[in-house]
Amino acid sequence: AFVLNIISSVFIISVNKRLMGSPPNFNFRYVVTLNALHYITTSIWTRVAKVIGLAKQEESSKAPAHVPLSSVVLFTTVSNASIISLNTSLMLNSITLYQIAKLGIIPCTCCVEYLLYGRVFTSKMVLAIVVTLMGVGLVSINELNYSDSTLGVFVALCSVVSSSGQQLLVRHLQLKHNVSAGQLLGVVAPAQGASLLLLSPFLDKITTGGYVTDYDWTQGAMVCMALSCSAAVLVNVSQFLVLGRFTAVTYQVLGHAKTVCVLVVGYVFFGGVITGQQLLGMVMAIAGMMAYSRASQSAPAAKPAAQEEPDDESSLEDLLQKNKANNV
């Protein structure tokens with residue numbers, strides 16, 4: 001699931017760069033509409049997968065997943081806030097502040113997991129996280145810029161909190177409502193797609209000055225859009241699978257492999273340049289990820305108060321089987 005998430009994320013970034021880039025690319029600037037189409041495509045695919053038998057056999061035999069409306073509304077609100085605030089942060093701020101905000105998701109998630117779930121972070125895990133963040137910082141931050149506005153800083157902080165909350169909620173809702181990753185995605189994706197589609201005319205008008213109906217479609221743009229939506233299905237499915245099995249901190253730490261892969265793809269396919277600083281950052285980031293993986297395997301279990309949250313090595317399916325055995 002991790003490998004699929006990394007590959008599909010790098011692929012969708014490459015496709016979106018072609019779709020949304022300035023000419024000679026296709027210059028599709030309607031980001032909220034694009035995200036809405038991603039979730040609508042994911043919603044359709046989750047239903048098609050059940051019909052053609054690609055969903056897990058045990059899922060198909062179960063009763064339809066029941067996630068209360070309040071949980072769906074909460075997740076949709078937090079997830080939409082994450083998407084919109086990240087895109088707005090990129091629009092208002094320098095790349096430097098945008099990247100710093102993304103790096104801030106890990107410390108924020110660590111604090112939440114410690115306070116709410118009693119998760120233990122050993123000194124080796126903390127050191128590995130610091131090394132990873134420093135490495136990713138060297139890779140992604142090239143120059144400092146102090147021209148960011150107060151509004152931009154506030155939006156960046158909102159993106160940190162909402163992105164952390166979205167990743168924590170994926171795992172929490174799977175465990176709380178006894179549903180699989182595919183079942184949860186099938187419930188929340190339609191709500192996200194519909195809500196973003198309703199918001200897209202207003203938000204896209206603010207960011208671009210026009211509506212998606214003003215866009216001049218070409219055959220190449222339509223192909224890129226189809227590829228982007230298809231890749232979004234893989235990104236969403238793999239993210240829910242990973243967050244259902246591992247913690248949000250692990251997802252963030254190991255997920256920074258995407259940053260390294262994006263840089264390499266840019267160098268190979270888009271004529272980018274890798275500086276000595278970025279090369280050092282890549283080595284530090286990879287070393288930090290490997291160190292965190294080893295440290296998390298030897299970390300002590302969480303406190304009893306956090307019983308509903310399994311360790312990194314415990315899958316959702318294992319936890320559900322244990323609960324069934326205990327009930328028997």
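Pro 24 sits in the loop between α1 (2-20) and α2, and in this predicted model the peptide bond leading into Pro 24 from Pro 23 is cis, with omega near 15 degrees. The loop between α1 and α2 also holds Asn 27. Phi of Asn 27 is near 55 degrees, which is a positive value in a residue other than glycine. As for cover, Asn 27 is partly exposed, at a relative accessible area of 31%.

Another asparagine turns up with a positive phi further along the chain. Asn 178 has phi near 55 degrees, again in a residue other than glycine, and its place is the loop between α8 (150-176) and α9. With a relative accessible area of 42%, Asn 178 is partly exposed.

Stepping back to the whole chain, the protein is built from 14 helices and has zero strands. Read from the N terminus, the order is simply α-α-α-α-α-α-α-α-α-α-α-α-α-α. Of the 328 residues in the protein, 48% are buried. The accessible surface comes to about 16700 Å², and carbon and sulfur atoms account for 67% of that surface. Contacts that span long stretches of sequence make up much of the picture: taking contacts between residues at least 6 apart in sequence, 84% join residues at least 24 apart.

Val 15 and Thr 33 show what such pairings look like on the ground. Val 15 belongs to helix α1 and, at 8% relative accessibility, it counts as buried because the cut-off is under 20%. In sequence, Val 15 and Ala 226 are 211 residues apart, yet their C-alpha atoms lie 9.9 Å apart in space. Once neighbours within four places in sequence are set aside, Val 15 is in contact with Cys 224, Leu 227 and Ser 228. Thr 33, for its part, is found in helix α2 and is buried, with a relative accessible area of 7%. From Thr 33 to Leu 199 the separation is 166 residues in sequence but 8.4 Å in space, C-alpha to C-alpha. Not counting residues up to four places away in sequence, Thr 33 touches Ser 200, Asp 204 and Val 212.

Helix α2 (residues 31-51) also packs against helix α10 (residues 219-245), at an angle of about 65 degrees and with the two axes 8 Å apart. This crossing of α2 and α10 is right-handed. On the α2 side, the contact is made by Leu 34, Leu 37, His 38, Tyr 39, Thr 41, Thr 42 and Trp 45, while α10 brings in Met 225, Ser 228, Cys 229, Ala 232, Val 233 and Asn 236. Sorted by class, the contact of α2 with α10 has eight nonpolar and five polar residues, and no charged ones. Ser 228 of α10, part of this contact, is also one of the residues that Val 15 is in contact with.

A second helix pair involves α4 and α9. The axes of helix α4 (residues 69-92) and helix α9 (residues 181-208) come within 10 Å and cross at roughly 35 degrees, and the crossing is right-handed. From α4, the contact takes in Val 72, Phe 75, Thr 76, Ser 79, Asn 80, Ile 83, Ile 84 and Met 91; from α9 come Val 187, Val 188, Ala 191, Gln 192, Ser 195, Leu 196, Leu 199, Leu 203 and Thr 207. By class, the tally for α4 with α9 is eleven nonpolar, six polar and no charged residues.

Taken by itself, α4 has 24 residues and reaches 34 Å from its first C-alpha to its last, close to the 34 Å expected at 1.5 Å a residue. The buried residues in α4 are Ser 71, Val 72, Phe 75, Thr 76, Val 78, Ser 79, Asn 80, Ser 82, Ile 83, Ser 85 and Ser 89. On spacing in general, an α-helix has 3.6 residues a turn, so residues three or four places apart point the same way.

Helix α13 (residues 276-297) can be read in a similar fashion. This helix has 22 residues and reaches 32 Å from its first C-alpha to its last, close to the 32 Å expected at 1.5 Å a residue. Buried in α13 are Gln 278, Gly 281, Met 282, Met 284, Ala 285, Gly 288, Met 289, Tyr 292, Ala 295 and Ser 296.

Terms used: Residues numbered from 1 in each chain as written. Predicted model: local features only at pLDDT ≥ 70, side-chain atom pairs only at ≥ 80, totals over all residues. Heavy atoms only, no water. Helix = DSSP H or I, 4+ residues; strand = E, 2+ residues; numbered from the N terminus. Buried < 20%, exposed > 50% of the residue type's maximum accessible area, 1.4 Å probe, protein only. Contact = heavy atoms within 4.5 Å. Areas by Shrake-Rupley, 256 points an atom, 1.4 Å probe, with all protein chains shown as cover. Axes fitted to C-alpha atoms, helices over the stretch in contact; angles between N-to-C directions. Left-handed = near helix turned anticlockwise from the far one by under 90°. Nonpolar A, V, L, I, M, F, W, Y, C, P; charged D, E, K, R; others polar. Expected span 1.5 Å × (residues − 1).
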